[in-house]
Amino acid sequence: MGKSILTVDDSASIRQMVSFTLKAAGYSVTEASDGLQGLDKAKTGHYDLILTDQNMPNMDGLTLIRQLRTLPAYRTVPILVLTTEAGDTMKMQGKAAGATGWLVKPFDPQKLIDVVKRVIG
């Protein structure tokens, strides 16, 4: 089995597209529907990469990133934000929270795979 990725997004269709794309590239994918569920899954599993949306109910992406960065197991794990938010201010907030990179929806499946390969191999 390939490297393990946790994808966190409140949109079922986005989760399905991301999972399909990454599984086809040989990665193992776990899905979570919001930041709280993502944090719970991160605490009980180990992931080589976390891919999160920004705008979600219960816990947004930046809060999730800040929470993950407090956990020793996720201090250095790459975290990519996949969101409709494209503004520089939001990107700077993401970087300050600990995001490794920023991708804007709608995403190109090949570009997503290229970025993931660049980040975790």
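User: Both faces of β4 are covered, but which residues are buried on one side and which on the other?

Analyst: Heads-up: this is a predicted model, where local features need pLDDT of at least 70, side-chain atom pairs count only at pLDDT 80 or more, and totals for chains, interfaces and linings use all residues. Residues are numbered from 1 along each chain as its sequence is written, and side-chain values use heavy atoms, leaving out hydrogens and water. Five of the five residues of β4 are buried (under 20% relative accessible area with a 1.4 Å probe, protein chains only; exposed is over 50%, partly exposed in between), so the strand is largely enclosed by the rest of the structure. On one side sit Ile79, Val81 and Thr83, and on the other Leu80 and Leu82.

User: In what order do the five strands line up in the sheet?

Analyst: Strands here are DSSP E runs of at least two residues and helices are H or I runs of at least four, numbered from the N terminus; two strands pair if DSSP finds at least two bridges between them. The pairing is parallel and the sheet is open. β2 (28-32) and β5 (101-104) each pair on one side only, which makes them the edge strands. The order is β2-β1-β3-β4-β5.

User: And which residue in β4 stands opposite Thr52?

Analyst: β3 and β4 run parallel to each other, paired over three bridges. The residue across from Thr52 is Val81.

User: Helix α5 packs on the sheet, but what angle does its direction make with that of β3?

Analyst: α5 covers residues 109-120 and touches β1, β3 (49-52), β4 and β5, contact being heavy atoms within 4.5 Å. Axes are lines fitted to C-alpha atoms (for helices, over the stretch in contact), and angles between N-to-C directions run from 0 to 180 degrees. With β3, the angle comes out at about 145°.

User: Which helix gives the largest share of the largest nonpolar core?

Analyst: A nonpolar core is a set of buried Ala, Val, Leu, Ile, Met, Phe, Trp, Tyr and Cys residues joined through side-chain atoms within 4.5 Å. The largest one has 21 residues, with Leu6, Ile50, Ile65, Leu68 and Tyr74 making the most contacts inside it. At least two residues each come from β1 (4-8), α2 (35-44), α3 (61-69), β4 (79-83) and α4 (88-97). The largest share, four residues, comes from α3.

User: Is Asp53 buried or exposed?

Analyst: UniProt, in an unreviewed entry, puts "modified residue: 4-aspartylphosphate" at Asp53; such annotations use the numbering adopted here, have shortened feature names and may be inferred rather than shown by experiment. The residue lies in the loop between β3 and α3. Its relative accessible area is 5%, so Asp53 counts as buried.

User: With which side chain does that of Asp53 make a polar contact?

Analyst: Setting aside neighbours within four places in sequence, Asp53 touches Val8, Asp9, Asp10, Gly61, Leu82, Thr83 and Lys105. A polar contact is a pair of N or O atoms within 3.5 Å; within protein, one must be able to donate a hydrogen and the other to accept it, and residues adjacent in sequence count only if both atoms are side-chain atoms. At 3.5 Å, the partner is Thr83.

User: What is the relative accessible area of Arg15?

Analyst: Arg15 is in helix α1 (residues 12-24). Neighbours within four places aside, Arg15 contacts Asp9, Asp10, Glu31, Ala32 and Ser33. Arg15 is buried, and the value is 13%.
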